[in-house]
Amino acid sequence: MNRTIQDQLKLIAGENNVLLEEEDLFTYSFDAAVHTPETPSCVVIPENIESVSNIIRLCSENGIPVTTRGAGTNLSGGAIPDREGIVVLTTRLDSIIEINEQDMYAVVQPGVVTADLAVRAESLGLFYPPDPGSQAVSTLGGNVAENAGGLRGLKYGVTKDYILGLSFIDSAGERIKTGSKTVKCATGYNLAGLLAGSEGTIGFIDEIILKLIPAPRARKSMMAVYNTIEEASGTVSAIIAERIVPATLELLDNFTIRAVEAFKPAGLPLDAGAMLLLEVDGHPAQVQEEADKVETLCRKMGACHVKTAEDEEERDRVWEARRSALSALAGLKPDVILEDATVPRSRIPDMVNALKQISQKYNIEIGTFGHAGDGNLHPTILADRRDKKQWRKVEKVIKEIFEKALALDGTLSGEHGTGLAKSPFFSQEAGDSTIRFSRRLKKGIDPKGIMNPGKIIGDS
C-alpha cells in the first residue's frame, strides 16, 4: 500500500488506529478455519461509523479490497483478508445503543459481544436466544454476517430470525437502511435478509435492530447416557416425531466426552458410547410434562441412565462442558477442522453411521458432537497438516462428509457459512446457475469487487 493511502487512512481514523507493522498485521491474517493465512496491507480500527464510510469510499476510489472483521471466530475462512487489501475492525463499535423493554427489541453496534447482549437482556427479564458456541467472544455483527446459530437453534431459530432491521455501509461508502423497530415491516426489499449470511461481501454492517422475547419461566436440563451412538441418534428422531421441541438437544460421542472431561471435568460418564444433553423450557407445567415424556422416550430408545440437573449450578456445569467441546478436541492434535454439514433431523442416524465409516476408511480421528435436534452435527477432524500424506486423506474425508450430507438432502453448512473453505463445493449444492446469479447480484451491488472478494462465490 502506498504512503499516500496510508496517510489518508490515518487522517480518517487517527494515526494510532492504523496498523502497519508486520507483527500486528499477522494477527489479522487468519480466522478459526484451518486455511492458509493472508497478511493484509494494513488494519484500520474506526471509532465511529462516519470513519467507516470514509474508509470504504477511499478504498472504492482506489480499488482496494476491504475485509470486515469482528472477533475472527468464524470457521470458514470468511475473515481471511486479501493480501492487497485492508482489514476494518468492528471492535470499537461496541455500544448497546438501546434496549426497549416495552417493544422488546435492542439496537446494537456490530462490535457488541453476543453474550453481553444476552446478559443485559436477561437482567431485564428478556431473552436473546441465538447462542453460538463462541458467544463469549463473538460479535453481533459477525453473527449477522455468518447467520450464526447455536445450541438453541432447534426451538428458537438462528440469528436471521431475530433481525428486525439494520443499516450498513455499501461499497460506495453510503449508509443503507432496511427494516424497522416494528414487528412487521414490508417496505422495500428485504435487504436485511440479504445481509444475513453475506460474510462482508455486500457491505459493512453498522447498526442492528434485534428482536427480544420474554424469558422462559421454567426450564429443566437432562443428561441421557447410551451404550452406542446409534441409540442416542435414534432418540433424537423419536423425540421430534413425538412433536416435542426441546430448547436444546445436543449429541456427544465417546471420543468427545472423554476429551471434554479431561479438559474441563464436569462428571461426564467416560464409559458412555454417547450421550444426549437436553433442555426443555417454557411454562412450568409444560416443562414438567415434556421432561417426563422425554425421559420415558430416552429410556425406551435405549438410554441406560437419565439424570435431571438438580440445581442451576449443576445445569451450568454440564452446559459449560458442552460448550468447551471444540477447545477440548483442539488440544489433542495440531490441527482441528470443525465441520457443520447438516441433514434433516430424521437422517441423523444415517449421518452418524456415515461419519463412523469415513473415519475408519481413512484412519482419521473424528470427534462427533453437535446440535442433533436440528440436524446440525459437528464432525471434528483431528490431524497434523505438516504430515502431507495425512492431510491428503483429510481433504478426502471432508469431501466425503459433504457428499454424504448432500446425498441425505442436507446442506454444506448449518451455521459456519461458506467463506473460502466451502466455496469450491457450493455449486454441488446449489448448481452453477445459482453461482452465476449470485455473481451478477454481487457485481451490481459491488461493481469494483472490493467487499471481501473471493468469499462464498469465489472469484467471478
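Q: At about what angle does helix α8 run to β14?
A: Let's start with helix α8 in this predicted model. The helix covers residues 229–241 and lies across three strands: β12 (218–226), β13 and β14 (274–282). Its direction against β14 comes out at about 25°.

Q: And helix α11, at about what angle does that one run to β14?
A: Helix α11 takes in residues 312–323. You'll find it lying across β12, β13, β14, β15, β17 and β18 (376–383). Relative to β14, helix α11 runs at about 130°.

Q: Which strands stand at the edges of the open sheet?
A: Seven strands build this open sheet, with antiparallel pairing, and the order is β15-β12-β14-β13-β17-β18-β16. An edge strand has a single partner, so one side of it is left without a neighbour in the sheet. That description fits residues 305–308 and residues 335–338, which are β15 and β16.

Q: By how many degrees are neighbouring strands of this sheet turned against each other on average?
A: Here we're still with the open sheet of seven strands. Ignore direction and just take the average turn between neighbours. That gives 15°.

Q: Which residue in β17 stands opposite L252?
A: Strands β13 (residues 248–253) and β17 (residues 365–371) pair in the antiparallel sense, over two bridges. Look across from L252 into β17, and you land on F369.

Q: Why is strand β8 largely enclosed by the rest of the structure?
A: A residue counts as buried when its relative accessible area is under 20%. Strand β8 spans residues 163–169, so check each of its seven residues against that cut-off. β8 is largely enclosed because the number of buried residues is seven of the seven.

Q: Which residues stand opposite I169 in β10 and in β9?
A: β8 pairs in the antiparallel sense with β10 (residues 204–211) over six bridges. It also pairs with β9 (residues 175–179), again antiparallel, over five bridges. For I169, the residue opposite in β10 is F204, and the bridge partner in β9 is R175.

Q: Which residue takes a positive phi in the hairpin of β8 and β9?
A: Five residues sit between the two strands of this hairpin. One residue there has a phi near 85°, and that's G173.

Q: Is L441 buried, partly exposed or exposed?
A: L441 belongs to helix α16 (residues 432–445). Together with L194 and F437, L441 forms a nonpolar surface patch with about 250 Å² of accessible area. Buried means under 20% and exposed means over 50%. At a relative accessible area of 36%, L441 is partly exposed.

Notes. Residues are numbered from 1 along each chain as its sequence is written. This is a predicted model: local features need pLDDT of at least 70, side-chain atom pairs count only at pLDDT 80 or more; totals for chains, interfaces and linings use all residues. Side-chain values use heavy atoms; hydrogens and water are left out. Two strands pair if DSSP finds at least two bridges between them. Helices (H or I, at least four residues) and strands (E, at least two) are DSSP runs, numbered from the N terminus. Axes are lines fitted to C-alpha atoms, for helices over the stretch in contact, and angles run from 0 to 180 degrees between N-to-C directions. Contact means heavy atoms within 4.5 Å. Patches are made of residues with over 30% relative accessible area and no salt bridge: like charges are joined within 9 Å, nonpolar side chains (Val, Leu, Ile, Met, Phe, Trp, Tyr) within 5 Å. Accessible areas come from the Shrake-Rupley method with a 1.4 Å probe; for residues, only the protein chains shown count as cover. A salt bridge is a side-chain nitrogen of Lys or Arg within 4 Å of a carboxyl oxygen of Asp or Glu. Buried means under 20% relative accessible area, exposed over 50%, partly exposed in between (1.4 Å probe, protein chains only).
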